[in-house]
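Thanks for making time this morning. I would like to walk you through one structure, going strand by strand where that helps, and then say a few words about confidence.

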Amino acid sequence: MTSPSLKQTPLNAAHRRAGGRMVDFGGWDMPVQYPSGTVEEHLRTRTRAGLFDVSHMGEIDVRGQDAIAFINRICSNDVTKLVDGQAHYSALTTPAGTVVDDLLVYRFAPDHLMLVVNASTTEKDWDWINSHRAGEAVELKNVSPEWCQIAVQGPDALRVLQPLTPTPLDEIKYYHFREGEVDGVASIISRTGYTGEDGFEVYAAADRAEQLWNRLLEAGDGGTPEGITPCGLAARNTLRLESAMALYGHEIDETTTLLEANLGWICKLAKGDFIGRDALARQKEEGLKRKLVGFEVTERGIARDGHNVLIDGEVVGQVTSGSPAPFLKKNIGMAYVPVEHAGVGREIQIDVRGRAVAARIVPMPFYKREKKP
Amino acid sequence: MANVPEDLQYTKDHEWVRVEGETGTVGITDYAQHALGDVVYVELPKVGESFAAQEVFGSVESVKAVSELFIPVSGKVAEVNELLQEEPEKVNSDPYGAAWMIRVQLSNQGEVDALLSAAEYEDFLNTETE
């Protein structure tokens, strides 16, 4: 049974009723998969729609006249570029240019923004952010317990969600959001996600989570072969891996810089000073020693997190995430390797429990959805 | 509840063995396949390899995880189920039938008696999942 120390989202009972297999995920009691299984959940999200409980994510409210200036100083992306109703991907960086956490920044108003951070790092981030205030006029509040977050992802996401809300969803551009109602519940409707598909993330009051979850399942014909399916953390992981999105604690952490992780696009070195800027500028000038690459296993075998990468029998790096890719039907992974070996097409080997298995570096993302005309 | 056929012997690592004369056929249980989830890869030994009871003879992988396979009885591998290379998902759909993994020539018949009967394995599952 559940360890009493594990945290629960407001959908915990719903997951258990639906037969979700619950695991300890960074201190949270979360469903790793439902009875339909990871492969089916993954494929349904690529072809129809998947429903994800991501209420464990942390939300930190930043209010005050210096909200933008403050966030711009502790995060790597340029938050001055956001307009009201827009969000972007960013990172909290250390002075060494490594990653405290990756996050989404939402701008509601010039003096009101919200940071959405990883579940297992919420407390660390909260302490970090508070300890790096430098006299800015900001009010910080960890509002994580107040919110649930439900993601509807996949090509059918808009059709599933639209009947439940008067907000015209097709008017919300990618990485934009609106405040509105879903099934009569005040919500933030954000066109974002972590699957590589079109979709929405809905934030609402935690005590309305079950209502929204059930209504979304109904609206998406959940339980039918062509309907929406609830998805566990395993499918969430394989979906993001096919789309080559970083996962904190795997591709990025306090030992990896943003540049090494191919996240130069959220490093706005020209925006002015921010924590880690000098280190990142120096690394950019001097050149990287290692970088994150994507690979495909070309022999029988599955690379897993932590496996060594070999070239000519020598260990040159480690796999950060490795798994079968259910949609691509290949065994793929990401790994850090020295830049001189990081070129696309390079043949490498993965040490799969003592067996050297051939793999090849390939372009990322592994999977990219076809944009509708 | 997991399906536990009467005519097999079991281990606490969730393997089964069907003993017919000098030969033991080995696979993983319904409970094990269910716990693993979608099986995508099965790694098996070569014919002729010998193992002592409880040694690792291969591995089975789902999307999410790798599990080692422990041989219930000592013996020499006489046959390997090649079907599982192409259709590892059979482990989920037919764990006691089409997804048998290896056939071994038993080197110590006495070991079979130490394995769990179907009733004992069911009891074990009940205590595990309580």
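Let me begin with a question: which residue in β19(A) is the bridge partner of I350(A)? Please keep in mind, as you look for the answer, that what you see is a predicted model. The partner is V357(A), and that pairing belongs to a set of six bridges that join β18(A), residues 347-352, to β19(A), residues 355-362, with the two strands running antiparallel. These strands form a hairpin with two residues between them, and in that hairpin R353(A) takes a positive phi near 45°.

Strand β18(A) also pairs with β15(A), residues 308-311, again in an antiparallel arrangement, and here two bridges make the connection. One residue to look for is L310(A), whose bridge partner in β18(A) is Q349(A).

Let me turn now to the interior. The largest nonpolar core has 130 residues, and those with the most contacts inside it are V62(A), I71(A), V105(A), I150(A), V152(A) and L216(A). The strand that gives the most to this core is β6(A), residues 99-109, which supplies six residues. If you centre the view on I71(A), you will find that it touches V62(A), V79(A), V105(A) and L113(A), leaving aside residues up to four places away in sequence.

Finally, a word on confidence. For the complex, the predictor gives an ipTM of 0.81 and a pTM of 0.93. Chain B averages a pLDDT of 94, with 98% of the residues scoring at least 70. As a general caution, where pLDDT is low, the predicted coordinates should not be read in detail.

Definitions and conventions. Residues numbered from 1 in each chain as written. Chains lettered and ligands numbered in written order. Predicted model: local features only at pLDDT ≥ 70, side-chain atom pairs only at ≥ 80, totals over all residues. Core = buried A, V, L, I, M, F, W, Y, C linked by C-beta atoms within 7 Å. Buried ≥ 20, exposed ≤ 12 C-beta atoms within 10 Å, placed from the backbone. Helix = DSSP H or I, 4+ residues; strand = E, 2+ residues; numbered from the N terminus. Contact = placed C-beta atoms within 7 Å. Pairing = 2+ DSSP bridges. pLDDT = per-residue confidence, 0-100.
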